[in-house]
Amino acid sequence: MADEGNRRRNHGLRMLLAGAGEGLLVIGADAVVRLMNETAEEMFGVKRAEAVGSEVEVLGSREIAGSVRKGLEAGKGGRARSVRTEVGSRHLTCMVRPFEGVPVEGDEGDEAEDGVAITIRDDTELVECRERAEAVLASTGDGLIVLDADGTVGYANPAAVSMLGAKVKRAVGRQVPFATLLGEEGEDPTEAARCGERTVREIVVEKPEHRVIEVRTNPVKGRHDEYLGCAISLHDVTAEREIAQMKNEFVSTVSHELRTPLTSIKGYVDLILDGEAGEINEIQQEFLSIVQENSDRLVALINDMLDISRIESGRIRLKREPLQLVDVALGAVETFRTLAEGAGIELVVKLPEDLPKAAGDRDRIGQVMMNLISNAIKYSPGGGTVTVRVRKDRDRIITSVTDTGIGISKKDQKKLFSKFYRVDSSLTREIGGTGLGLSICKSIVELQGGRIWARSEEGEGSTFSFALPIAPAELIRTPYLQGPLEGGGTVLVVDRSPEVADLVEKYLRKRGYEVIKAYSGAEAMRQAREHRPDVITLDVILDDVDGFDLLGRLKDDESTADIPVVVLSIVCDEGKSCRLGAAEYLEKPIQSDRLVQVVNSLVGKVSSPLALIVDDDRAIVDVLAKTLRGKGFAVQCAYDGAEAMQAVKAQKPDVMLLDLKMPVKDGYQVIQEVKSAEETRGIPIVVMTAHRIDRERIDILAQASEQIHKPFDAAAIAERVEEVLTKRAEGAA
Ligand code: ADP
């Protein structure tokens, strides 16, 4: 019976072994195969009859034999270990598990034997699949690194290793911080990946060789949206960046070369048209106007090209100043008045009062507005209306330009702001353009923290809008000095081009300045030491030295350090100029009035009483400035209380004309500040007001010398100012 039972059990066991999907082997303590099932027989391609009773080497796998012998040696303490082996074309994964003291059934005395049990899985398909995937990944030129959920580097393809070096290969299987892996400081993008975000950044590596690499990090999600890790792809963009840089340099060099002669052409034509070369007849006037117009167009085109190359190479530098966008809009609209009239287009402005200032670069934002207005007129061939609006929207100021022109299809709207994009139609072809304007506008607005967009209906018209952030209180400018200033200052003009130097000389002599010229760095340094001019204008492109070095030397030399330097340049490098100690920066081609304004403000010797006019209403400031200048005053204009205080600090005015209701800092605050400081207490203040007086602050108002109520007559104000000054002079006497 016992035999029958044993036989059945053995039979059941045999069936279990034969039917098992995994290969099973038992090796005895003498390393001899004791048992092998059919699956193992097939896996190893060795007959059971041959294998059982032979030593483990019979299986034909060095890895298994080694592991078995090691397991047997370890005896009691032996752990189960996983072994991979290749037998024939099969990839086998074996679990080698030592056991001890299993009684050998049927043997006399229940003798126990130690040994090793092995289970074997055939991973051939899996391995082949993985190898195929890896071959694909290895064949791409892009690098790929896979990180597991816990940050362990799971995989890196050969391209990744060649881009980042052998450290990547060594990192596989280990937890290595992202920054170490890429040799790059900064935020770890795997955190973003964990939150499901994709990120793109560009890094520059110098080892194993110089490369610019675009790194994209993508989260890898499981079936239930769980985070499995992230895939980092590396794209080598070195060549693209080099070509882009070469192109930018080329454009920038060519543009500069074009600008230099244009500066002379434009400058001298302007002078002739201004009557500087004697009277010209009507025909000469007409012809020269055409030259002027076309040189202006050429300057505009070159500027566009330079702008693009500056933007793309990151060399554009934007000022951040408080801007009354209403004024910028009015200026831009004025520029197009005549053009719009000629095209039968009505130009409408809808500008509210009391808008806070936005932060931005006046010239660049003006450029954006002019571009939008110019397009609105250009693409409204049948006349119509162009409306310019400025309004406040929460913490931003939105400017929009609406036309009733040809409109833009939905499809084209998406691409409008890309470089060189023009809507392709017979009409736009006829109108002509470069397709650069809007792309420049977008970059300018976005670089200043703003946003630009378009809404349009084909055939109905378009609205282009941009939003800029409201200016924070700390952005304050010092107003320019205007009016009769003590002439006779000396300006050293440094420019390698004699024509340009002559032009600057003409502008300055006309305003009463003495001019000395230098055409090289060495000459400039000598002249500066010898003559100690009041101001130096410096073009940074010189033949013998780098202009910025010269600027540095002028600032280092005790005898010249105090002389203010105005950098005149085509190299848009305001930031560098200011860092090196330049007092001002002006771009070429030079605008003569701007240059004179700057030099005036720097030399700053007012020969007549100085009146500071403070009002946020530009029209009032303008008319007062004009009237007072007419009376022989020097004037300085400020458009809010903060600017006013800045002006007072820079140069003490003899009298102040002050509005009460102003943004940033109001008139009451200005009075308080001026009257509370010892050195400014004596400045007489004439308050101009149209509003009801703030009863609670009436005592502050009492400190002012005079009050005038709006509306007033500018001439009457000028008289009052004179009275105030005479009174003060008498008081002092
Ligand atoms: P350009 O006017 O020199 O072609 P822009 O970049 O300023 O370049 O404009 C790109 C394109 O957008 C234009 O070619 C034109 O097709 C379209 N566009 C721009 N503004 C308007 C507008 N106000 N109405 C209709 N189409 C416009």
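**A walk through the predicted model**

F420 lies in the loop between α14 (410–413) and α15 (426–431), where helices (H or I, at least four residues) and strands (E, at least two) are DSSP runs, numbered from the N terminus. Select F420 to begin: its phi is positive, about 65°, although it is not a glycine. Is F420 buried or exposed? At 54% relative accessibility, F420 counts as exposed; here buried means under 20% relative accessible area, exposed over 50%, and partly exposed in between (1.4 Å probe, protein chains only).

A word on what you have open: this is a predicted model, in which local features need pLDDT of at least 70 and side-chain atom pairs count only at pLDDT 80 or more, while totals for chains, interfaces and linings use all residues. Residues are numbered from 1 along each chain as its sequence is written, and side-chain values use heavy atoms, with hydrogens and water left out.

**Two more loops**

Now select R394, in the loop between β14 (384–393) and β15 (396–403). R394 is not a glycine, yet it has a positive phi of about 50°. With a relative accessible area of 64%, R394 is exposed.

Then go to P208, in the loop between β8 (199–205) and β9 (211–221). Look at the peptide bond that joins K207 and P208: it is cis, with omega about -5°.

**A buried residue in α4**

Next, select I64 in helix α4 (residues 62–74). I64 counts as buried, at 0% relative accessibility. What does I64 touch? Show F44, V56, L59, V83, T85, C94 and I118, which I64 touches, not counting residues up to four places away in sequence; contact means heavy atoms within 4.5 Å. From I64, try a distance line to A582: the two are 518 residues apart in sequence and 78 Å apart in space, C-alpha to C-alpha.

**Along α11**

Select helix α11 (residues 282–313) and check its length: its 32 residues, at 1.5 Å a residue, should span 46 Å, and the end C-alpha atoms are 46 Å apart, which agrees. The expected span is 1.5 Å times one less than the number of residues. Colour the buried residues of α11, among them L288, S295, V299, I302 and L306. Buried residues of α11 also include D304, D307 and R310. To see what covers the buried residues, add α10 (238–273), α13 (362–378), α16 (437–447) and β23 (584–587), which are included in that cover.

**Two helix pairs**

Show helix α18 (residues 521–531) with helix α19 (residues 547–556): their axes come within 11 Å and cross at roughly 20°. Axes are lines fitted to C-alpha atoms, for helices over the stretch in contact, and angles run from 0 to 180 degrees between N-to-C directions. α18 and α19 are therefore roughly parallel to each other; angles under 35 degrees count as roughly parallel, over 145 as roughly antiparallel, 65 to 115 as roughly perpendicular and the rest as oblique. To see the contact, select G521, A524, M525 and A528 of α18 and L550, R553 and L554 of α19.

Finally, select helix α17 (residues 498–510) and helix α21 (residues 592–603), which pack at an angle of about 60° with axes 10 Å apart. α17 and α21 are therefore oblique to each other. Add side chains for the contact: V504, Y507 and L508 come from α17, and S592, L595, V596 and V599 from α21.
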